[in-house]
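Here is a briefing on one protein chain. The sequence and the model come first, and the notes follow by topic.

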Amino acid sequence: MAKGSAFVWDDSFSAAQDLSSHQYKVMKLSGKDQVDLVASATGRSFGILLNHPKSGEAADVRILGKSPAQVDGNAGAIVAGDYLGPDANSRLVKKSTPDNSVVAISNGGSTVLGDIIEVFLVPIGWFRTVA
């Protein structure tokens, strides 16, 4: 297995609410320099929360590169190479139906709710699946 340095882009924002129990979930920009949970399958995602801030505290978000992410593999088995996007609980799930937001590509697999796997965040931030 090849090893090398990986480019990542992390940034800090203000947490719009208490995100202390939402580490590795999908974030969206909810205001200027502010992030919150993505709560829909078609929501625009911005990155993955790396820490566990309370409301108003600094939320560290991975915007680009490899990242750990919380998934729901129980909703549909995830394998390496699958397109992933948010669900209504801000977890990443496998996306295969038209008009769903995709924010990452899986680098591992899961069949478990709440599993943490490695993903590659999509450089543009998100795109839509097509039929």
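**Strand pairing around β3**

L29 has V35 in β3 as its bridge partner. The model is predicted. The protein has eleven strands and zero helices. The points below cover strand pairing, the nonpolar cores, one aromatic pair and whole-chain totals.

*β2 with β3*
- Strand β2 spans residues 26–31 and pairs with β3 in the antiparallel sense. Four bridges hold this pairing.
- M27 is another β2 residue to place here, and it stands opposite L37 in β3.
- β2 and β3 make a hairpin, with two residues between the strands. In the turn, D33 has a positive phi of about 55°.

*β1 with β3*
- Strand β1 (residues 9–15) pairs with strand β3 (residues 34–37) in the parallel sense. This pairing rests on two bridges.
- A15 has V35 in β3 as its bridge partner. V35 is also the bridge partner of L29.

*β2 with β4*
- Strand β4 covers residues 47–49 and runs antiparallel to β2. Two bridges join them.
- V26 stands opposite I48 in β4.

**Nonpolar cores**

*The largest core*
- Which residues touch the most other members of the largest nonpolar core? They are I48, L84, L92, A104, I117 and V119, out of 13 residues in that core.
- β5 (58–72) and β10 (113–121) each supply at least two residues of this core.
- β10 gives the most, with three residues.
- I48 appears in two places: as a residue of this core, and opposite V26 in the β2–β4 pairing.

*V119 and its contacts*
- Residues up to four places away in sequence are not counted here. V119 then touches L84, L92 and A104, which are listed with V119 among the core residues that touch the most other members.
- V119 also touches G65, K66, S67 and A69. I105, S106 and N107 are further contacts of V119.

*The second core*
- A second core is separate and has ten residues. Its members include A15, L37, L49 and I63.
- Two of these were met in the strand pairings: A15 is bridged to V35, and L37 stands opposite M27.
- In soluble globular proteins, nonpolar side chains tend to be buried together.

**Aromatic pair**

- How many aromatic pairs does the count come to? The count is one.
- F13 and F46 form this pair, and its geometry is edge-to-face. The ring centres lie 5.3 Å apart, with 85° between the planes.
- F13 lies in strand β1, and F46 lies in the loop between β3 and β4. The pair therefore ties together parts that are 33 residues apart in sequence.
- Is F13 buried or exposed? F13 counts as buried because its relative accessibility is 9%, under the 20% cut-off.
- F46 has a relative accessible area of 23%, so F46 is partly exposed.

**Whole-chain totals**

- From the N terminus on, the elements run β-β-β-β-β-β-β-β-β-β-β.
- The protein has 131 residues, and 43% of them count as buried.
- Consider contacts between residues at least 6 apart in sequence. Of these, 55% join residues at least 24 apart.
- The accessible surface comes to about 6,700 Å². Carbon and sulfur atoms account for 53% of this surface.

Notes: Residues are numbered from 1 along each chain as its sequence is written. This is a predicted model: local features need pLDDT of at least 70, side-chain atom pairs count only at pLDDT 80 or more; totals for chains, interfaces and linings use all residues. Side-chain values use heavy atoms; hydrogens and water are left out. Two strands pair if DSSP finds at least two bridges between them. A nonpolar core is a set of buried Ala, Val, Leu, Ile, Met, Phe, Trp, Tyr and Cys residues joined through side-chain atoms within 4.5 Å. Buried means under 20% relative accessible area, exposed over 50%, partly exposed in between (1.4 Å probe, protein chains only). Contact means heavy atoms within 4.5 Å. Accessible areas come from the Shrake-Rupley method with a 1.4 Å probe; for residues, only the protein chains shown count as cover. Rings of Phe, Tyr and Trp (its six-membered ring) pair if their centres lie within 6.5 Å; planes under 30 degrees apart count as stacked, over 60 as edge-to-face and the rest as tilted.
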